[in-house]
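The following exercises concern burial, backbone geometry and helix packing. Please work through each task before reading its solution.

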Amino acid sequence: MRRRVSILRWIGGHVKEERSSSAASPGESRDVGNVRAVQRAARIVTALTEHPYPMGIVELAKFVRLSPGSVHRLLSTLVSVGWVEQNSRTSKYHLGMGAVGLGSVALVSNPVVHDGRMYLTRIAQWSGHDAVLSTLVGGKTVQLARSAGVNTELIEFEPGHPQPAHAMADGKLLLAHLPDDGLDDVVGNEELRRFTPRTITDLDEMRREFATIRAQGYAVDNGERFDTGRGIAVPVLDSGGRPLAAMMCLGRLDPAKDPELVQQLQSVAREMSDRLTATGDLPTSSFEQAQFPMAGDETPGGMGPTPGRS
């Protein structure tokens with residue numbers, strides 16, 4: 001049970017599953033069953049979000065670790081409310097227009113995304129490189145907002161386009177704070193694909209990478225997704241010090257300037273969290289307590305964190 005329940009712990013697709021108690025009353029048991037059905041449906045929606053191609057019932061059942069019968073029943077409900085649609089020729093399933101509409105509205109109205117754009121613009125203007133706000137959906141990182149720097153060399157930004165989390169600084173940052181069972185479910189479902197010679201594809205090495213990220217409070221990818229660029233990411237934290245999203249700068253970043261860039265990113269991310277707190281719009285992360293050093297924390301020598309390879 002423990003390995004199954006934590007696929008969905010992030011706002012884009014990760015929620016905690018409650019365990020039923022043998023002492024629960026009949027009414028409480030029904031409530032737990034209804035909650036579990038919602039959580040299982042969310043797992044299916046997340047799987048369809050994470051994969052770029054339509055999926056059949058058997059394929060979905062294997063991915064979300066449910067029986068084909070359960071998946072079929074849940075899909076029928078999701079189709080009826082418009083969140084999922086079925087191809088009439090192949091019988092495979094993909095996200096429906098209802099889900100597309102909800103996501104589009106959220107990108108415009110969500111306070112984290114809305115306020116984040118202002119802070120991304122500051123990072124892009126200061127660094128000259130692209131600044132991105134991201135969340136995690138399964139094993140993918142999804143860019144919610146982006147501000148282009150004067151030195152940008154990347155393709156035009158499309159919100160919602162998924163990238164492999166294990167090869168990106170923002171994705172590694174967020175994956176690092178999944179519990180072990182959730183990490184196995186998200187990353188262990190599929191082979192880690194190699195994009196460049198520097199991509200980490202061994203799960204044990206990736207776990208060591210995550211330990212480093214948690215200890216230093218930021219993540220770096222050194223050309224692990226694209227040969228031509230690097231990324232540095234820091235968390236946007238909730239009031240309890242847990243990551244809500246990742247704020248990343250990417251491009252042809254000069255490693256010699258990493259310490260300054262990390263401190264700038266942490267300062268802006270902290271300011272963003274403080275603003276959301278002041279307006280009452282700072283949500284609570286569903287992650288376990290994070291181990292990130294708070295922005296502004298200093299070592300005994302009086303210097304901020306010293307970036308290295310995350």
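**Exercise 1.** Is Ser 91 buried, partly exposed or exposed?

Solution. The model is predicted, local features require pLDDT of at least 70, side-chain atom pairs count only at pLDDT 80 or more, and totals for chains, interfaces and linings use all residues. Residues are numbered from 1 along each chain as its sequence is written, and side-chain values use heavy atoms, without hydrogens and water.

Step 1: buried means under 20% relative accessible area, exposed over 50%, and partly exposed in between (1.4 Å probe, protein chains only). Step 2: the relative accessible area of Ser 91 is 40%, so Ser 91 is partly exposed.

**Exercise 2.** Which sign does phi of Ser 91 have, and where is Ser 91 found?

Solution. Step 1: phi of Ser 91 is positive, near 65°, although the residue is not a glycine. Step 2: Ser 91 is found in the loop between β1 (84–86) and β2 (93–95); strands are DSSP runs of E, at least two residues, and helices are runs of H or I, at least four, numbered from the N terminus. Step 3: most residues other than glycine have a negative phi.

**Exercise 3.** How are α5 and α9 oriented to each other?

Solution. Step 1: helix α5 (residues 111–127) and helix α9 (residues 258–278) pack at about 155°, with axes 10 Å apart; axes are lines fitted to C-alpha atoms over the stretch in contact, and angles run from 0 to 180 degrees between N-to-C directions. Step 2: angles over 145 degrees count as roughly antiparallel, under 35 as roughly parallel, 65 to 115 as roughly perpendicular and the rest as oblique. Step 3: α5 and α9 are therefore roughly antiparallel.
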